[in-house]
Amino acid sequence: MPTSASVASGPASPPRVTRDRRADLTVALVSLALAGWVTSGLWIDPNGRAITVNSSDQALFEWLLAFGGHAVTHGENPLFTTLINFPDGVNLAVNTSITVYAVAFAPLTYLIGPPATFLVILTLNLAATAVAWYWLLSRHLVGSPLAAAVGGLFIGFSPGMISHANAHLNWTAGWLVPLLVWRVFALRRPGHASRDGVVLGVLVAIAFSIAAEGLFFTALALGLFVAGWALHPANRVEARAVLPSFLRGLAVTAVVAGVLLAYPLWLHFVGPQRFHGTGFDAVIHSEDIAAYAAYPRRSLAGEAGFGTSLAPNPTEENSFFGLPLLVLAVGCFVLVWQRADTRRRATLWALGIVALVFAALSFGPVAKLDGDRTDLPMPFDLFGQLPVVNAALPARFALVVTPVIGLLLAYAVDQLRRRPPSAKVAVAWTIGLALALVPLIPTPLLTSEREPIPRFITSGAWRDHVSPGGVLTPAPLALDVYPDGQRWQAYALANRQGEFAIPSGFFLGPGGPDGRGRIGPVPRPFGALLDQAARSGLPPIVTEGTRDEVRADLEHWQIETVVLPDAVHGAKWAVDEDAIRQTLIMLFGEPERVEDVWLWRVRES
């Protein structure tokens with residue numbers, strides 16, 4: 001995401017920055033307090049509560065933390081596994097593997113478990129994003145700590161960040177962006193190409209592991225910003241002067257990142273179980289034009305009844321700035337423009353280009369206005385056909401607009417601090433800031449209790465019913481809507497109980513329409529029967545042909561044991577456990593009662 005060229009000896013350098021340790025500490029504490037406030041519902045009971053609107057993604061990231069740590073400590077491949085979707089396996093390089101997090105936090109995962117580790121990372125992500133942006137602003141872009149705090153806290157706790165705090169450990173790792181911005185503009189320094197390129201290359205590799213899609217957006221935004229800034233008449237001479245150093249550093253970056261990411265990139269583009277594009281509808285997952293002026297649900301305005309349902313789901317409120325903030329952002333742009341020299345105006349020009357282009361891309365292939373689809377084609381209709389871009393959800397391009405607004409807020413506050421206006425004007429700006437920002441103050445994420453992991457798993461009793469590395473399946477089969485199986489597996493891995501594989505699972509893999517990806521594997525009869533019973537509450541009709549299909553599925557998956565707990569967690573709807581049990585009895589006969597689960601031995605271990 002773009003920043004001012006001030007980082008690179010920009011158009012109008014801010015006054016000399018003096019470090020204010022008290023301000024630094026205050027911003028860090030405020031950021032941590034706000035992050036704790038947003039995630040407070042989970043801190044009540046990290047192992048027993050889940051994010052209401054996205055418990056499936058939470059379970060997935062908990063599994064990724066447990067599996068990644070287990071893979072590294074046991075010498076297994078952290079980017080490909082057959083522990084889920086057995087026997088075909090899952091290519092985690094085309095999923096969000098968060099391998100760096102999994103490895104770095106492995107000791108904590110082993111100590112306190114995947115759910116609590118997930119919560120620690122989520123909370124730190126939010127706080128670190130605000131602090132990192134404050135650091136970039138205060139050290140390189142503005143002279144006022146207050147201005148830097150306003151910009152950093154807005155970006156770190158913006159509507160998009162709070163929306164993705166609904167279990168997205170990748171998108172909430174926004175602290176990576178200001179570090180990337182800082183290191184990209186450091187490449188212009190002559191005589192430091194090797195060192196700066198190595199540092200940026202390592203950072204790129206880390207960012208790819210944690211948030212590959214966010215890294216892609218950042219690269220696009222930075223490229224567009226640099227091009228817009230360099231082509232401005234006020235900067236062409238300087239741009240030509242620094243170009244050789246910049247390109248040398250960029251070449252070193254490409255080599256270092258290429259070496260570190262050679263295997264992940266191979267898996268991503270040509271490895272097994274890869275896919276191209278996604279199975280998500282680009283029209284549905286695009287930003288409504290009216291969403292930019294709407295308020296998010298998890299905010300003071302949303303709690304007051306001003307929230308909307310313009311996003312495809314609560315995790316994708318990527319703009320939702322509210323009309324007052326949009327008006328204020330325009331006012332900030334005008335204020336800074338009026339007082340800027342030609343070089344600072346070049347920076348504002350480049351920032352404006354980035355904001356407008358990414359806002360237009362966020363509208364998807366066809367514009368929507370207040371929920372109604374129009375016939376107006378948008379740039380993404382063409383741009384979205386390109387490789388890699390076709391795997392991005394267009395609505396998320398709106399996230400790039402957030403730091404642009406944060407920069408404008410910081411610039412404006414800095415200008416007002418440097419050249420104080422009259423008392424009346426100062427009051428007007430204060431009121432404007434309050435009207436724009438106070439309604440966006442975040443409220444805690446919605447959380448709810450989730451079904452506990454059965455004693456059958458926590459006691460290790462499962463090992464008596466599954467051969468080492470054998471296949472156990474929960475009923476219904478693990479999917480995004482039924483995440484229990486991966487939660488059980490994560491517990492077993494994190495507590496060093498050993499390994500069992502599961503068929504199906506929550507992941508992105510091949511098999512979607514037109515050769516694109518899909519969530520989970522292509523459905524098979526056994527999974528469909530259990531899903532039907534779970535949803536409808538009615539056991540399906542079972543014929544001899546049905547039993548033959550189920551036997552074929554069991555043979556394909558090499559399932560040894562089917563397990564039904566007393567309570568199944570449904571991520572989207574309530575699950576009828578009794579209907580599932582009746583279905584399994586019709587298929588396999590009466591079950592055994594082991595600990596607190598019903599168990600069917602369907603294959604000798």
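These legends go with three close-up views of a predicted model.

**View 1. The second largest pocket and its lining.** Here's a pocket with a volume of about 530 Å³. In this second largest pocket, 22 residues make up the lining, and V150, L433, A434, L437 and V438 are the ones that lie nearest the centre. Helix 7 (145–156), helix 17 (401–418) and helix 18 (423–437) are the elements that each give two or more residues to that lining. Helix 18 chips in the most, with 6 residues. Sort the lining by class and you get 19 nonpolar, 2 polar and 1 charged residues.

**View 2. I289 in its loop.** Look for I289 in the stretch between helix 12 (262–270) and helix 13 (300–306). Its relative accessibility is 33%, so I289 counts as partly exposed, a class that runs between the 20% limit for buried and the 50% limit for exposed. Setting aside neighbours within four places in sequence, I289 is in contact with F363, A367, K368 and L369. S319 is worth finding too: I289 and S319 sit 30 residues apart in sequence, and their C-alpha atoms are 9.6 Å apart in space.

**View 3. T109 and its contacts.** T109 belongs to helix 5, which covers residues 106–112. This threonine has a relative accessible area of just 3%, and because buried means under 20%, T109 falls in the buried class. Once neighbours within four places in sequence are left out, T109 is in contact with L65, A66, P114, T117 and A494.

Technical notes. Residues are numbered from 1 along each chain as its sequence is written. This is a predicted model: local features need pLDDT of at least 70, side-chain atom pairs count only at pLDDT 80 or more; totals for chains, interfaces and linings use all residues. Side-chain values use heavy atoms; hydrogens and water are left out. On a 1 Å grid over the protein atoms alone, a cavity is a set of points where a 1.4 Å probe fits but cannot get out, and a pocket is an open set with protein on both sides within 12 Å along at least five of seven lines; lining residues have an atom within 4 Å of a point. Grid points are joined across faces, edges and corners, and a volume is the space filled by probe spheres set on the points. Helices (H or I, at least four residues) and strands (E, at least two) are DSSP runs, numbered from the N terminus. Ala, Val, Leu, Ile, Met, Phe, Trp, Tyr, Cys and Pro count as nonpolar, Asp, Glu, Lys and Arg as charged, and the others, Gly among them, as polar. Buried means under 20% relative accessible area, exposed over 50%, partly exposed in between (1.4 Å probe, protein chains only). Contact means heavy atoms within 4.5 Å.
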